[in-house]
Number of protein chains: 2
Amino acid sequence: MAATQTARARVRAELTNEIVSAAREELASTGAAGLSLRAVARRLEMVPSALYRYFPSRDALLTALIVEAYEAVGMAAADADGRSGRNPADRWNAVCTAVRGWGHDHPNEWALVYGSPVPGYQAPQDTVEAALKVTRVIAGIFADAIPSGTPAPGRLPAAPDTMAAVVGPIEAELLPGRPPEAVAWVVMAWTGLIGMVSLELFGHYEGATTDFQQVFAYNMGALGHLAGVG
Amino acid sequence: MAATQTARARVRAELTNEIVSAAREELASTGAAGLSLRAVARRLEMVPSALYRYFPSRDALLTALIVEAYEAVGMAAADADGRSGRNPADRWNAVCTAVRGWGHDHPNEWALVYGSPVPGYQAPQDTVEAALKVTRVIAGIFADAIPSGTPAPGRLPAAPDTMAAVVGPIEAELLPGRPPEAVAWVVMAWTGLIGMVSLELFGHYEGATTDFQQVFAYNMGALGHLAGVG
DNA sequence: GTCTATAACAAGATAGAC
DNA sequence: GTCTATCTTGTTATAGAC
């Protein structure tokens, strides 16, 4: 029985993967909002109802796609970080480039996770944890660059006394012992990275510059520098 | 004849507005991707084909909505700027608050313009011009704060020599005579503002902080300060 | 001329019987 | 798993009212 079980389980896992792959292809052609279980089934030459054995609803399939996308960006970021030596500025630069590169290679998956929320879809907790992967990589770089217990970096304006409590959750989880200005500014660095790639992919810099890549590199560099990296 | 003409034109303009309003209401409930001509017609108790007298296609209606949204944020930004005195730091702060406030009041319209592109929709030139409204307000504040011909602000890292040409289009149009570092960083300020509101509205800061408004205020303040405002 | 309504089309989604 | 009947969608052709 054990052998049968595992064989069945293996086939099941394989098919589950195939379904997610087909859904990913669908996503690439139709966008997130128009993703339908039926289209995925058609692509696999299966009947729609058969998919329900593997995913109880369209939302469950969507969740799988979202988690997969978050893990892929997170992996791209972590890989780039790992390959880039020990200098925090280099690491931050490498991560920015990798995240942007991933976005360019997977624009629809990027839109799925960082774009408008899909109407009617409620994100379960799994996706929140997966989303943290990139954040952890980024926070790790800044945590290494800013020694614990240092005063606020002089380049940044002083934060009000209340800020420490406000950013407490992030500090405790990702940047223990770092000053509130630094914590807030790491949030800004993350926001700047995701925001800039989003606005680029969504077409908002069209015609604004002759070489966007260079503006991106400069701005990410400045963002990191001001936070204490390099 | 002139009277008849204008009477007809007035009625026509009124109905056009009513259609856009109905579409806006539809948008609020179903989201951008699910916006259907038929649903708009139903809401107005008209027959779908009648709408084609006013808008040649669903995309044209979408364009009208997008332009309207861009103009509304732009107006909110310009109003806040106008009411906030002459101090650039106050003006930048007021604009950030106003833009964020508009986003909170109109989350679906925000997603329509700054979120994922609607699949299959090609933005015409009208939307690009409308999108520039907020940008012009922001650039105006920084242009007033950074005198023309000044050297690069010392707080920002120096840009490579090639940057001047790269950001030339923005410089010429919005920040004539300002150094490339400043131009790039104004792009960053704009990106930070739009990015932070987007990620907030799309739920990416959920649980991260006890008072997001404060983090927002601090980060926007720092972004502006570093660019030379305040 | 200007508008609205009816009807139809090809897609595609959905529900349910078998 | 299959089949069918019924529902959407954007869009057009056509006919008639003002």
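A phosphate oxygen of DNA strand C sits 2.5 Å from an N or O atom in the side chain of A:Arg42, a polar contact (a pair of N or O atoms within 3.5 Å; within protein, one must be able to donate a hydrogen and the other to accept it, and residues adjacent in sequence count only if both atoms are side-chain atoms). This is a predicted model, where local features need pLDDT of at least 70, side-chain atom pairs count only at pLDDT 80 or more, and totals for chains, interfaces and linings use all residues. Residues are numbered from 1 along each chain as its sequence is written, chains are lettered from A and ligands numbered from 1 in the order in which they are written, and side-chain values use heavy atoms, with hydrogens and water left out.

**DNA strand C**
- Two other phosphate oxygen pairings turn up here: A:Ser36 puts a polar side-chain atom 3.0 Å away, and B:Tyr54 does so at 3.3 Å.
- Residues around the strand include A:Arg38, B:Arg8, B:Arg12 and B:Arg53, where near means that a heavy atom of the residue lies within 4 Å.
- By class, this surface has 3 nonpolar, 2 polar and 6 charged residues (Ala, Val, Leu, Ile, Met, Phe, Trp, Tyr, Cys and Pro are nonpolar, Asp, Glu, Lys and Arg charged, and the others, Gly among them, polar).
- H1(B) gives the most, with 3 residues; helices are DSSP runs of H or I, at least four residues, numbered from the N terminus.
- Sugar or phosphate accounts for 50% of the strand C atoms within 4 Å of the protein, and bases for the rest.

**DNA strand D**
- B:Leu37 uses a backbone N or O atom, 2.8 Å from a phosphate oxygen.
- Polar side-chain atoms do the job for B:Arg42, at 2.8 Å from a phosphate oxygen, and for B:Tyr52, at 3.0 Å.
- H2(B) is the top contributor to this surface, with 3 residues.
- The surface splits into 5 nonpolar, 4 polar and 3 charged residues.

**Helix packing in chain A**
- The axes of H5 (residues 88-105) and H7 (residues 125-145) come within 9 Å and cross at roughly 165 degrees; axes are lines fitted to C-alpha atoms, for helices over the stretch in contact, with angles from 0 to 180 degrees between N-to-C directions.
- H5(A) and H7(A) are therefore roughly antiparallel, the label for angles over 145 degrees.
- Among the residues making the contact (heavy atoms within 4.5 Å) are A:Trp92 and A:Val95 of H5(A) and A:Ile138 and A:Phe142 of H7(A).
- That contact comprises 10 nonpolar, 1 polar and 2 charged residues.

Key
Helices (H or I, at least four residues) and strands (E, at least two) are DSSP runs, numbered from the N terminus. Angles under 35 degrees count as roughly parallel, over 145 as roughly antiparallel, 65 to 115 as roughly perpendicular and the rest as oblique.
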